Each structure stands twice: as structure tokens, then as C-alpha cells.
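Q: Could you walk me through how to read a model of this kind, beginning with a single side chain and working outwards to the sheet and the helices?

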Amino acid sequence: MRLGCQMPLASGQCDCGKELDSDGYHLITCKTGGGPVISHNNMVLAWSDCLSQLQLHHVKEPRGRYVNSEDRSDIVVFDSASGVDLELDIALAHPWSNELEGLSATTQRAAATRRENLKIKKYDQELLPGGFRPTFVPIVFKHFGCWGEKAEDYLKKLSQLSRDKDGKPNASTFKTYWRSVFSVCLQRSNARVIDRKIKKIVSRDSNININSCT
Ligand SMILES: [Zn+2]
């Protein structure tokens, strides 16, 4: 999927009623059966691991944080540089989304930027106790691997806190390692989502021939 190869098994109808496409677009983006949620939750865990490596205190999905809504950001982490909590919201975006109207073909990370802006707009409405506005960081990954600009900036910022076992700064090693972890986590999660959905569809619909890919 990451290489844009066709998936011969991806034909027939999804449980939501829509037709599947052999590019796997529907399989990876349809929420029926928990698709994107599985990938999203795995990415939240990976980010939590990253923050833990730096011994940064953080809380996942805190309830009742905002006085004017029931929304929960994925992770709240204290930022010692600014002295405030940062609200991290992790999102996945697909470059083929109809909402982009072909923008992905001409603009780098268009899907990620669009999702960042939507998230910023949403969190701009939130209020903390005392009427304070939260400091929000959208962490967006495109399904084919590209990152949103804000996510890139945040990883860079975190990398500057990293030290090797001798206490020397090792920002470059930190960034390379965690970029790989997040990338593999997303692709493994996507593969798991596709595998799970295909198996369910195959067991439901005998018109799909599972042997076609062997
Ligand atoms: Zn569907």
C-alpha cells in the first residue's frame, strides 16, 4: 500500500455498504470496524513511549480537562521551556481524500496541513479552568509516511532534550530513531487494519476469492 501497489483482495463491499477499491483507500480510511482508530491509538502509544524515554511527565486522554467541552486531547505533557502544558492531538490524514480536490498532487503535505488547520480550529474553541486557552500541538501523519510541519517541529524540539549515556546531546540519533519507530508503527498498524478487515469481508462474502493473492 505504501508503494501504491494494487491489492487484489480489495474488491467487493465494505460492511459500511461502500465499494472497496484496489488501492486500499477505503480499507484504511473507513471507520466501520475500527480501522483508523486502531492506527491512531497505536501512534498515541508510540508518542507516549517517546515522551517516557525523555522522562517527560504526561497524561493520556485526560477527562474533564476543558470547561466548555467533553473533548480530550490525546496527550497532555508539561513543557518546561514555556512553563505550560502542551495538548498533543495525533491524527492520520490520507492524501487521496476527496476533500483535498487533487491538492495533494501539487502541494507537499497538503493533507497533513489541512488536518493540522482543522485541529487548530477545533482546539481554538477549548477553554481551561480560569478561562485560559490551551497550547495545542497537532501531530499529523500522512498514511504514506509524510509528517505535518507541526509534528516535525515538535520532534525536533524534543530531540534537543535528548542525551546519550554519557550525557552528551544526541538530537540527530534521537530524531532518526523515533522517526523510524513512528513510521514502522503506522505502517504495521495500517497492515493490521487491512488484514483484519479483509478477513472479515472474506468470511462474510464468499464472492471474494482469498486465493487470488497467493
Ligand atoms: Zn466502509
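Q: In this predicted model, with which side chain does the side chain of R65 make a polar contact?
A: The general idea is to look for a pair of N or O atoms within 3.5 Å, one able to donate a hydrogen and the other to accept it. In this predicted model, the side chain of R65 meets the side chain of E87 in such a contact, at 2.7 Å.

Q: Where is R65 found, and does R65 count as buried or exposed?
A: Burial is judged from relative accessible area, with under 20% taken as buried. R65 is found in the loop that links β1 (58–60) and β2 (75–79), and its relative accessibility is 18%, so R65 counts as buried. Leaving aside residues up to four places away in sequence, R65 touches V76, D85, E87, L127, L128 and P129.

Q: Which residue does V76 stand opposite in β3, and how do β2 and β3 run?
A: For paired strands, one reads the bridges and then the direction. V76 stands opposite E87 in β3, and β2 and β3 run antiparallel, joined by five bridges. These two strands form a hairpin with four residues between them, and in the turn G83 has a positive phi of about 75 degrees.

Q: How many residues of strand β3 are buried, and how many bridges join β3 to strand β4?
A: Strand β3 (residues 84–93) has eight of its ten residues buried, so it is largely enclosed by the rest of the structure. Eight bridges join β3 to strand β4 (residues 135–142), and here the two strands run parallel; within this pairing, D89 has P138 in β4 as its bridge partner.

Q: What is the order of the strands in the sheet, and which strands stand at the edges?
A: The order follows from tracing each strand to its partners. The sheet is open, with four strands in the order β1-β2-β3-β4 and mixed pairing. β1 and β4 stand at the edges, each with a single partner strand, so one side of each has no neighbour in the sheet. From one strand to the next, the twist averages 25 degrees. The pairing of β1 with β2 is antiparallel and has three bridges, with I75 in β2 as the bridge partner of K60.

Q: Which strands does α2 lie across, and which strands does helix α4 touch?
A: A helix on a sheet is described by the strands it meets and by its direction relative to one of them. α2 lies across β1, β2, β3 and β4, running at about 145 degrees to β3. Helix α4 (residues 110–123) also packs on the sheet, where it touches β3 and β4 and makes about 155 degrees with the direction of β4.

Q: At what angle do helix α2 and helix α6 pack, and is their crossing right-handed or left-handed?
A: Here an angle over 145 degrees is read as roughly antiparallel. Helix α2 (residues 35–53) and helix α6 (residues 171–204) pack at about 155 degrees, with their axes 9 Å apart, which means that α2 is roughly antiparallel to α6. Their crossing is right-handed. Among the residues that meet are I38, M43 and W47 in α2, and F174, W178 and L186 in α6.

Q: Where does C30 lie, and which residues does C30 touch?
A: C30 lies in the loop between α1 (25–29) and α2, and is buried, with a relative accessible area of 8%. Apart from residues up to four places away in sequence, C30 touches C14, C16, G35, P36 and K197.

Methods
Residues numbered from 1 in each chain as written. Predicted model: local features only at pLDDT ≥ 70, side-chain atom pairs only at ≥ 80, totals over all residues. Heavy atoms only, no water. Buried < 20%, exposed > 50% of the residue type's maximum accessible area, 1.4 Å probe, protein only. Contact = heavy atoms within 4.5 Å. Pairing = 2+ DSSP bridges. Axes fitted to C-alpha atoms, helices over the stretch in contact; angles between N-to-C directions. Parallel < 35°, antiparallel > 145°, perpendicular 65-115°, else oblique. Left-handed = near helix turned anticlockwise from the far one by under 90°.
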